[in-house]
Amino acid sequence: MKYPDIVAGKFIARFNRFVAAVAIEGREELCHVKNTGRLRELLLPGAPVFLQKVSKEGRKTQYDLISVKKGQRLVNIDSQAPNKVAAEYLPRLIPGIKTLKTEAVYGSSRLDLYLETAREKYFVEVKGVTLEEAGGALFPDAPTERGLKHLADLGRSLSEGYKALMLFVIQMEGVKSFSPNYRTHRAFGEGLKKAQAQGVSLKAVDCRVAPAELEAGRPVKVVL
């Protein structure tokens, strides 16, 4: 996927989950943070950032915060991007897809994707990963009861004849592995183990990140 109208800036401060201040060409601007996660290790004063200029009537800000540099690594933080990346990546992972739908209703939930091949039907839940420590990617960076519910939904769908996949889209390149963040939410990590034992497939893929582009890269080992 590509982003038009990208500009460079420097991060100043985050005021709440949605709004931050950045410096663009020496002037201070407000921007929309496209991720409600904590991002404490990324959104540091002075960090280089890339923003998309957006002109929409009624918006309070003219910019969306898309990516942040952490050392030499560029990390995409757009929480809407992983589903788009997943839709582009899934044909590489599951050959012969004939149907691919977003926002699939299952019981009282909406799972990210539903797909069909000639022989199988899948529910797919996608999680974007922006947290890296010591070369490993971790999820979540904050407790996620919604994530736990989706794991349970995927497990339940197996008993109804569906295939189930949890795909972690790591929004950076060059990590060695993916693991659940037990320190932040142990229940989610244990839920992943239970889901895998039930037959839910757990996969992770890194991304090639550029200021104006994001695309799926290579599979990453999942370590529970």
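Which strands does helix H2 (residues 145-158) lie across? In this predicted model, helix H2 lies across S7, S8, S9 and strand S12 (163-170). With respect to S12, the helix runs at about 145°.

These strands belong to an open sheet of six strands with mixed pairing, in the order S7-S8-S9-S12-S14-S15. The edges of the sheet are formed by S7 and strand S15 (213-219), each of which has a single partner strand, so one side of each is left without a neighbour in the sheet. On average, neighbouring strands of this sheet are turned by 35° against each other, direction ignored.

Strand S8 (residues 109-116) is mostly covered, with six of its eight residues buried. On one side, S8 pairs with strand S7 (residues 99-106) in the antiparallel sense, over seven bridges. Within this pairing, Leu-100 stands opposite Leu-115 in S8, and Lys-101 stands opposite Tyr-114 in S8. In a regular strand, side chains alternate between the two faces of the sheet. The hairpin of S7 and S8 has two residues between the strands, and Gly-107 takes a positive phi near 60° there.

S8 also pairs with strand S9 (residues 121-129), again in the antiparallel sense, over four bridges. The two strands are joined by a hairpin through four residues. Leu-115 has Tyr-122 as its bridge partner in S9, while Leu-100 stands opposite Leu-115 from S7.

Technical notes. Residues numbered from 1 in each chain as written. Predicted model: local features only at pLDDT ≥ 70, side-chain atom pairs only at ≥ 80, totals over all residues. Heavy atoms only, no water. Buried < 20%, exposed > 50% of the residue type's maximum accessible area, 1.4 Å probe, protein only. Pairing = 2+ DSSP bridges. Axes fitted to C-alpha atoms, helices over the stretch in contact; angles between N-to-C directions. Contact = heavy atoms within 4.5 Å.
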